[in-house]
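Open the model in a viewer and keep the selection panel at hand. The stops below say what to select next and what is there.

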Amino acid sequence: MTTKETASLGAFEFLSGESIPNFDVAYETYGDFTGDNAVLICHALTGSAHVARRPDSGGETAGQARAWWGDVVGPGKAIDTTEYYVICANVPGSCYGTTGPASENPETGEPYGTDFPPVTVGDWTRAQRRLLDELGVGRLHAVVGGSVGGMNVLDWLRRFPDDVERAGAVATAARLDAQCLALDTVARRAITSDPNWNGGHYYGASESDANGGSSDSSDGRAEPEEGLARARQIGHIMYLSKASMGRKFGRRSAGREAVREEPPDPAAAFFPYREVESYLDYQADKFTDRFDANSYLYLTRAMDDFDLAAGYESDADALAAFEGELLLLSFTGDWHFTVDQAESLAGACREADVDVAHHVVESDHGHDAFLVEPEKVGPPLSNVLEEGLAGRAITDTAPESNESTEFAPVHTSLFSE
């Protein structure tokens, strides 16, 4: 049993204090609700509600070519949709059906653009809570998410601690570090310095309006595609590890069939067009076809803004009211959200007497590991949903002598030596 719907939830006030009169949330559900088996999945930065494969999707939903976690969520998968009622909602500010910058402002009849209110991870959580109320879902059996979706999970635990029994926060952290903040800043400036961005009000504008030229696009619009492409390329570099990039591309030149963008200057044509360059160009082209530049600005700002301890004395204080179980998954090759950051979060949980396990996955795939290695991600997630932290596939970095831990998983020694 699957559904693909949009819920109209009326007026919505953002944490910034600004509000919109009409708020729609695009969502998908999988499985049947029995009253106590609901699992909320929180998507990553540019994901959609299309988390699992659907028999009626025709292979594509909301501009995405495939379900973004189709190897983890589905019938017989780690998050088994024959057992659980799985909900995934597109977040506010995105461009995959939930109200965002590209949506029509009913007061003007034009797209909001950058007049759309500022969006935070807290707004994502509050919107999901509103949707669950609409669906008749009270307490969640579990909430699971990766990357900034993992931040969304953590926000659930501090904002609605009584509404969650178990949680899985994958490849995430309590906040971004300075290096990632810097890279996100450069990515956003790539968009806002594109002459076609036009202060965020580029929807429906012709190229002659934007930069004095004539339009050669099929819909007559001149969008900041170059800026968005560069921003996405920065993102892809962040998601891969040095080892995985070396293995996948090395210094090899692209094949003769590869089509290079126009060289920026005559001298550039002398040098080889490398596989890594071709990959980044290909990924950028795909992304600009399916995503909105303003949404990229809004969502990266929400991620950068998130700080688990905001409004609290510490991370431990922020999580102290949560009485369920939390599984943290981190990946050794991930420099975007590191093992050390996850361990710091696990330490805060232990300080707050929150039942937690920090499961470290050996991987050199970088941040993308949580998407491309389902065989490593699936078993611990399946365990925490079925058995809690006592599941046999779950390891923990806590020393054996940690008496505050009520479960007894297999322990690793990464942090106990």
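## Stop 1: a salt bridge between two helices

Select Asp304, which is buried, with a relative accessible area of 16%. The model is a predicted one, and every value on this tour is computed from it. Now add Arg188, also buried, at a relative accessible area of 13%. Arg188 and Asp304 form a salt bridge, and their closest N and O atoms are 2.9 Å apart. The pair links distant parts of the chain: Arg188 belongs to helix 3 (residues 178-192) and Asp304 to helix 8 (residues 293-305), with the two positions 116 residues apart.

Next, select Arg129, Asp133 and Asp163, which are joined into one network by salt bridges that share partners.

## Stop 2: two more salt bridges

Over the whole structure, a search finds 18 salt bridges. Select Asp155 and Arg158 for another of them: their side chains meet with an N to O distance of 2.7 Å. Both residues are in helix 2 (residues 148-159), and because they are three residues apart there, about one helical turn separates them. Asp155 and Arg158 are both buried.

Move on to Arg166 and Glu325. Their salt bridge has its closest N and O atoms 3.6 Å apart. Which strands hold the two partners? Arg166 lies in strand 12 (residues 164-170) and Glu325 in strand 13 (residues 325-331), so the salt bridge ties together parts 159 residues apart in sequence. Arg166 and Glu325 are both buried.

## Stop 3: the annotated active site

Select Ser147, Asp334 and His367, the residues that UniProt lists, in an unreviewed entry, under "active site". The set spans 221 residues in sequence, but no two of its C-alpha atoms are more than 10.7 Å apart, so the residues gather at one spot. Show the largest pocket as well: its lining takes in Ser147 and His367 from this set.

Centre on His367, in the loop between strand 14 and helix 11. Is His367 buried or exposed? With a relative accessibility of 2%, His367 counts as buried. Leaving out residues up to four places away in sequence, His367 touches Ser147, Ala171, Met238, Tyr239, Asp334, His336 and Phe337. That list includes Ser147 and Asp334, both of which carry the "active site" annotation in the UniProt record.

Now centre on Asp334, which is found in the loop between strand 13 and helix 10 (339-351). Asp334 is buried, and its relative accessible area is 3%. With residues up to four places away in sequence again left out, Asp334 touches Ala171, Gly366 and His367. Ala171 therefore appears among the contacts of Asp334 and also among those of His367.## Stop 4: the annotated binding site

Select Arg232 and Asp368, which the unreviewed UniProt entry covers with the annotation "binding site". They are spread over 137 residues of sequence but cluster in space, with a largest C-alpha distance of 14.1 Å. Both Arg232 and Asp368 are in the lining of the largest pocket.

Start with Arg232, in helix 5 (residues 225-239). Arg232 is buried, at a relative accessible area of 9%. Apart from neighbours within four places in sequence, Arg232 is in contact with Thr46, Tyr239, Phe287, Arg290 and Tyr296. Add Phe287 to the view: the charged end of Arg232 sits over the ring of Phe287, 4.2 Å from its centre.

Then go to Asp368, placed in the loop between strand 14 (355-361) and helix 11 (369-372). Asp368 counts as buried at 16% relative accessibility. Which residues is Asp368 in contact with, leaving aside neighbours within four places in sequence? They are Tyr239 and Leu240. Tyr239 is also on the contact list of Arg232 and on that of His367.

## Stop 5: aromatic rings

A pair of aromatic rings is described by the distance of the centres and the angle of the planes. The count for this model comes to 16 aromatic pairs. Select Phe12 and Phe14: their ring centres are 5.0 Å apart and their planes stand at 80°, so the pair is edge-to-face. Phe12 and Phe14 are both buried. To finish, extend the selection to Phe23, Tyr112, Phe116 and Tyr298, which ring pairs link with Phe12 and Phe14 into a cluster.

Methods. Residues are numbered from 1 along each chain as its sequence is written. This is a predicted model: local features need pLDDT of at least 70, side-chain atom pairs count only at pLDDT 80 or more; totals for chains, interfaces and linings use all residues. Side-chain values use heavy atoms; hydrogens and water are left out. A salt bridge is a side-chain nitrogen of Lys or Arg within 4 Å of a carboxyl oxygen of Asp or Glu. Helices (H or I, at least four residues) and strands (E, at least two) are DSSP runs, numbered from the N terminus. Buried means under 20% relative accessible area, exposed over 50%, partly exposed in between (1.4 Å probe, protein chains only). UniProt positions are given in the numbering used here, feature names are shortened, and annotations may be inferred rather than shown by experiment. On a 1 Å grid over the protein atoms alone, a cavity is a set of points where a 1.4 Å probe fits but cannot get out, and a pocket is an open set with protein on both sides within 12 Å along at least five of seven lines; lining residues have an atom within 4 Å of a point. Contact means heavy atoms within 4.5 Å. Rings of Phe, Tyr and Trp (its six-membered ring) pair if their centres lie within 6.5 Å; planes under 30 degrees apart count as stacked, over 60 as edge-to-face and the rest as tilted. A charge sits over a ring if NZ of Lys or CZ of Arg is within 6 Å of the ring centre and within 35 degrees of the ring normal.
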